[in-house]
Amino acid sequence: MADSKKPRASEPAPEPEEREQPADALPDVSTALASVGASLPVGGFSADFQPAGLATGALALSADVTPGLTKIAPTFGDVLLAVGQGVASSQEALDRSLIDTAKELSQTKIKVVTDVIQKINDDGLPDAANTELVTEEVSLINFLSPEVHEWKSVAVSMDFEVGALDSERGVQFRQNQGSINMGGGSLWGFIGWFDMDAHSQTTSVTQQSRTEANWATGQVRMDALLAPRRTEKFTAPSQVTIGPQIFFAQGQIEHKLDNGKEIERSIPIVVSVRKADGSPNPSRPLGVECDQFGFSFVSTAPFTGSTTNADGEIRVIVTRQIPNERFSSPVKARLTVRLGAITRTTDFVL
């Protein structure tokens, strides 16, 4: 029976032999950590992070309004065409309305007074009971003349505004993250073990936005002038008076001298009043006025002052005083005679 040799208690236990590991069995931790740290981004972003458009500007304006202008340009011509057609249609309607109005006025008959026959009695006063009105049915177009309406002027003006805005923005970045965990230990003093955990993450984000805005505004102004309608008043009827008539007969001018100088001039005027039938109108008082000189009535036979005699006559003497030669030039004067509602005048030079 073989004896087993036991170690002495005073002798230390032999240390386990260190086994030489191969060079590629375990990675170099410091190298691995350095490689990971080099790829870690600062502040959570990778070194190659750069927003898109940073070098060219965040806002790019490349809008072009030429298509909008090209599209809107024919609008002005269309508006002019529409306005022209509207004016032409309106003028045609106005002309048709004129024709219809003229026909209606021609066919409408009204009774109008064409003459007033007023009879005056022998005293020169109107006799209302014997006044006659002459009427006639005539077409209304004789008094109302329709006027053609027309567009005097039509002015059109337009304003257009076309605009566009084109903007583009973008952001792009990439993020790499990595981690390595290593652990190890020994078992029974001669068995060693190692554990390594590696983790990496890559994030890539790209964002781009583009905005386009187009607008077009405009306004149209139109000024138009239409001639107004003018209407005519009814024609005033003529008046015929039947009654006594007054006539004048001027005599020869008489001169009065003093020491060879003219101091007075006078002219006789005979006023004759006739009835409507032409016969003398006697015993009628007359009113007489002169605008320049004095006058007097002859009362010697056959005249009876301001009242007509049997022959329906009165004689008036108009006298002008001449103080000196400076006032000897002829002067025009007017004599007015009234009989009731009848008034007649005559002009003379004295």
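## Glu 161 and its surroundings

Glu 161 is partly exposed, because its relative accessible area is 48%, and this residue is found in strand β3, which covers residues 151-187. In this predicted model, the C-alpha atoms of Glu 161 and Gly 218 are 6.0 Å apart in space, although the two residues are separated by 57 residues in sequence.

## A nonpolar patch on the surface

A nonpolar patch on the surface is formed by Phe 76, Leu 80 and Phe 160, and together these residues have about 250 Å² of accessible area. Leu 80, one of the members of this patch, is found in helix α2, which is made up of residues 66-107. With a relative accessible area of 39%, Leu 80 counts as partly exposed.

## The aromatic pair

The structure holds one aromatic pair. Its members are Phe 295 and Phe 297, whose rings are 5.8 Å apart from centre to centre and have 85 degrees between their planes, an arrangement described as edge-to-face. Phe 295 is partly exposed at 31% relative accessibility, and Phe 297 is likewise partly exposed, with a relative accessible area of 30%.

## Salt bridges

Five salt bridges are present in the structure, and three of them are described here, beginning with the one between Lys 152 and Glu 150, in which the closest N and O atoms are 2.7 Å apart. Glu 150 has a relative accessible area of 37% and is therefore partly exposed. In another salt bridge, the side chains of Glu 262 and Arg 265 meet at 2.8 Å, taken from N to O. The two partners fall into separate classes of exposure, for Glu 262 is partly exposed with a relative accessible area of 22%, whereas Arg 265 is buried with a relative accessible area of 10%.

A further salt bridge brings together the side chains of Asp 347 and Arg 334, with a distance of 2.7 Å from N to O. Asp 347 lies in strand β13 while Arg 334 lies in strand β12, which covers residues 332-339, so this pair ties together parts that are 13 residues apart in sequence. Asp 347 counts as partly exposed at 33% relative accessibility, and Arg 334 is also partly exposed, with a relative accessible area of 40%.

## Thr 346 in strand β13

Which strand holds Thr 346? This residue lies in strand β13, which is made up of residues 342-349, and Asp 347 of the salt bridge with Arg 334 lies in strand β13 as well. Is Thr 346 buried or exposed? Thr 346 counts as buried, because its relative accessibility is 12% and the cut-off for a buried residue is under 20% relative accessible area.

When neighbours within four places in sequence are left aside, Thr 346 is in contact with Phe 248, Gln 250, Ala 333, Arg 334 and Leu 335. Gln 250 also takes part in a polar contact, in which the side chain of Thr 346 meets the side chain of Gln 250 at 3.4 Å. Arg 334, another residue in contact with Thr 346, is the partner of Asp 347 in the salt bridge described above.

Note on methods. Residues numbered from 1 in each chain as written. Predicted model: local features only at pLDDT ≥ 70, side-chain atom pairs only at ≥ 80, totals over all residues. Heavy atoms only, no water. Helix = DSSP H or I, 4+ residues; strand = E, 2+ residues; numbered from the N terminus. Buried < 20%, exposed > 50% of the residue type's maximum accessible area, 1.4 Å probe, protein only. Polar contact = N/O pair within 3.5 Å; in protein donor to acceptor, adjacent residues only side chain to side chain. Contact = heavy atoms within 4.5 Å. Patch = residues over 30% accessible without salt bridge, like charges linked within 9 Å, V, L, I, M, F, W, Y side chains within 5 Å. Areas by Shrake-Rupley, 256 points an atom, 1.4 Å probe, with all protein chains shown as cover. Salt bridge = Lys/Arg side-chain N within 4 Å of Asp/Glu carboxyl O. Phe/Tyr/Trp six-rings, centres within 6.5 Å; stacked < 30°, edge-to-face > 60°.
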